[in-house]
Amino acid sequence: MREGKWIGAVFLAAMLSGSCVAGEVQFGFRYGGSNLNIDADRMRNGDGVKSDGLSAGAAIGYRTDAGLLIELGILGLLNVNSELLSGSVQKSLGAGWQFDRGKWRLTPKAGLLHSYLDAADGRNLLEDGRPSERFTDTVPFIEGMAEYRMFPRFGIGLFVRHAFEDFGDSQAWGVSFMWNID
């Protein structure tokens, strides 16, 4: 819970400090696929898990006219191919730079995310050698997005994210829908 308050405070400070600089607020929704990889030493049965699934989430960000982007988001990874995992939630704070080229906008981004990974039934996960129902950690991530601005305030694009999880790693990819408010 402390990480969530910290992420919110940093995002609020960034938005307030940017109020003296012209820019835009961005709202976005994402939907696509995901992959979770869990190391064998983190599973009770001793076997590693590779699980494909779906990803869905939302984000709000502030972009300066120069291109600096600060973004707060949430992304759920739903595992449809695993009886051992029910899914993961990632709350993120990222910073990046948006490059505009005509109607195209490219955004490389990095930051921190606080993730939760839940076991489907019982205590299939191992945390410090003990059975656990959930992994919780704050880890770095990298993300890239390419967006085509169809109208002055609306764009559609593709995104890809890689999180460096303590239990292994996770990836998400898919389409994004962005609305911009000057």
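How many residues lie between S2 and S3 in their hairpin, and which residue in the turn has a positive phi? I began with this turn, keeping in mind that the model is predicted. I found three residues between the two strands. The one with the positive phi is Gly-67, at about 125 degrees.

**Strands on either side of the turn.** I followed S2 (residues 49-64) into S3 (residues 68-79) and noted antiparallel pairing over 11 bridges. Within this pair, I looked up Gly-61 and found Glu-71 of S3 as its bridge partner. S3 is also joined to S4 (residues 85-97), again in the antiparallel sense, by 11 bridges. I checked one position there: Leu-78 stands opposite Gly-87 of S4.

**Whole chain.** I then read the fold along the sequence. The protein chain holds one helix and 11 strands, and the helix comes ahead of the strands in the pattern. Of the 182 residues, 46% count as buried. I noted an exposed area of about 9300 Å², with 63% of it supplied by carbon and sulfur atoms. For contacts between residues at least 6 apart in sequence, 59% join residues at least 24 apart.

**Ser-170.** Last, I looked at a residue of strand S11 (residues 168-181), namely Ser-170. Is Ser-170 buried or exposed? Its relative accessible area is 2%, under the 20% cut-off, so I entered Ser-170 as buried. The Ser-170 side chain makes a polar contact with the side chain of Glu-165, at 3.3 Å. Leaving aside neighbours within four places in sequence, I listed contacts of Ser-170 that include Asn-35, Leu-36, Leu-77, Gln-90 and His-162.

Definitions and conventions:
Residues are numbered from 1 along each chain as its sequence is written. This is a predicted model: local features need pLDDT of at least 70, side-chain atom pairs count only at pLDDT 80 or more; totals for chains, interfaces and linings use all residues. Side-chain values use heavy atoms; hydrogens and water are left out. Helices (H or I, at least four residues) and strands (E, at least two) are DSSP runs, numbered from the N terminus. Buried means under 20% relative accessible area, exposed over 50%, partly exposed in between (1.4 Å probe, protein chains only). Contact means heavy atoms within 4.5 Å. Accessible areas come from the Shrake-Rupley method with a 1.4 Å probe; for residues, only the protein chains shown count as cover. A polar contact is a pair of N or O atoms within 3.5 Å; within protein, one must be able to donate a hydrogen and the other to accept it, and residues adjacent in sequence count only if both atoms are side-chain atoms. Two strands pair if DSSP finds at least two bridges between them.
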